[in-house]
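Student: I'd like a close look at one part of this model: the charged side chains and how they pair up. Please add enough of the surroundings that I can find my way around on screen.

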Amino acid sequence: SYTADLSSISGCLSLANAIKRDHSTLEILINNAGVFSPTFTTTPSGLETTFAVNVLAPFIITRELLPLLLATSSSRIINVSSISQNDGPSTIKVSTVLSSIFQDPSTYDKYSSYGISKRLIAMYSQTLSRRLSSLGVPHPTVMSCDPGTVNTKMLSSGWGNCGIDISLADNEFTLATKEINDDDHGKYWYGGRVHGDCVREEEGEELWRLLEQLSTSEYK
């Protein structure tokens, strides 16, 4: 097992480097770690914590582990989004969202911030899938999903215990093990079914450029 602080870039890199030291291939990557922050807090690098953990961390970890996934046939990348991605505007201008919601304590709202972070990780998933498809070589299948309404500590702190027991939660396991086809690449799954696109391509590319800038490195 591995332990890391995913609120920092150095913590994400440390985790990825530890995995790369131990493994030369990787079949499945599930970016499941996330936070729900009741108040506005920032990481040591100055980023709002919800954005840093829920959006930037999966971008960095996936980037670092992508060579291991590319070295494995039929590998998968599953980014855990949420039904809460609907808590916000129908369209997102990434630069505006970052400056208003994730940088200004006076406009911070815990539910909107969490929901938009989950919209952004679904946006990232679709953009990653398009970019991998353009490589012209076998590549991981990228999907995002709602994990279900599950009585975790996060759900309890934000919404109360209004879901199912953790032992019954299997949405991510199902996506990791089910038979899939090329049409599943880049899709967002909700309730065991493809839920449709959640972002325009230009919005996803804007997010991609921002994440590269914040992580100080490009995907190779």
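Tutor: Here is a walk from the overall layout to the charged pairs, and then to a charged residue without a partner.

A word on the ground rules: this is a predicted model, in which local features need pLDDT of at least 70 and side-chain atom pairs count only at pLDDT 80 or more, while totals for chains, interfaces and linings use all residues. Residues are numbered from 1 along each chain as its sequence is written, and side-chain values use heavy atoms, with hydrogens and water left out.

Let's get oriented. The protein chain has seven helices and five strands; here helices (H or I, at least four residues) and strands (E, at least two) are DSSP runs, numbered from the N terminus. Read from the N terminus, the order is α-β-α-β-α-α-β-α-α-β-β-α. Of the 220 residues, 47% count as buried, where buried is under 20% relative accessible area, exposed is over 50%, and partly exposed is in between (1.4 Å probe, protein chains only). Contact means heavy atoms within 4.5 Å, and among contacts between residues at least 6 apart in sequence, 76% join residues at least 24 apart.

Next, the backdrop. A nonpolar core is a set of buried Ala, Val, Leu, Ile, Met, Phe, Trp, Tyr and Cys residues joined through side-chain atoms within 4.5 Å. The largest one has 38 residues, and Phe-51, Leu-120, Tyr-124 and Leu-128 touch the most other members. Two or more residues come from each of α1 (9-22), α2 (49-70), α3 (94-100), α4 (110-133) and α7 (201-215), with α2 giving the most, twelve residues. Another core lies apart from it, with six residues, including Ile-78 and Trp-189.

Now the charged pairs. Side chains of opposite charge can pair when their charged atoms come close. The cut-off for a salt bridge is a side-chain nitrogen of Lys or Arg within 4 Å of a carboxyl oxygen of Asp or Glu, and by that rule there are three.

Start with Glu-64, which pairs with Lys-20, the closest N and O atoms being 3.2 Å apart. That bridge links distant parts of the chain, since Glu-64 is in helix α2 and Lys-20 in helix α1, 44 residues apart. Glu-64 counts as buried because its relative accessible area is 18%, whereas Lys-20, at 30%, is partly exposed. Glu-64 also bridges to Arg-63, with the closest N and O atoms at 3.0 Å, and Arg-63 is buried at 8%. Put together, Lys-20, Arg-63 and Glu-64 make up a network of salt bridges.

Then jump to Glu-205 and Arg-131, whose closest N and O atoms are 2.8 Å apart. Glu-205 sits in helix α7 and Arg-131 in helix α4, so this pair ties together parts 74 residues apart in sequence. Glu-205 is buried at 18% relative accessible area, while Arg-131 is partly exposed at 32%.

While you're on α4, take a look along it. This helix has 24 residues and spans 35 Å from first C-alpha to last, close to the 34 Å expected, that expectation being 1.5 Å times one less than the number of residues. It is mostly covered, with 18 of its 24 residues buried. At its start, a side-chain oxygen of Asp-109 comes within 3.2 Å of the backbone nitrogen of Tyr-111.

Finally, the loner: Glu-48, in the loop between β1 (28-31) and α2. Glu-48 is buried yet has no salt bridge, and the nearest side chain of opposite charge, Lys-118, is 12 Å away. (Lys and Arg count as positive and Asp and Glu as negative; His and the chain ends are not counted.) What Glu-48 does have is a polar contact of 2.9 Å between its side chain and that of Thr-50. A polar contact here is a pair of N or O atoms within 3.5 Å; within protein, one must be able to donate a hydrogen and the other to accept it, and residues adjacent in sequence count only if both atoms are side-chain atoms. Beyond its neighbours within four places in sequence, Glu-48 is in contact with Phe-40, Thr-41, Thr-42, Phe-102 and Tyr-108.

Ser-45 lies in that loop between β1 and α2 too, but it is exposed, at 54% relative accessibility. Its side chain makes a polar contact of 3.0 Å with the side chain of Thr-43.
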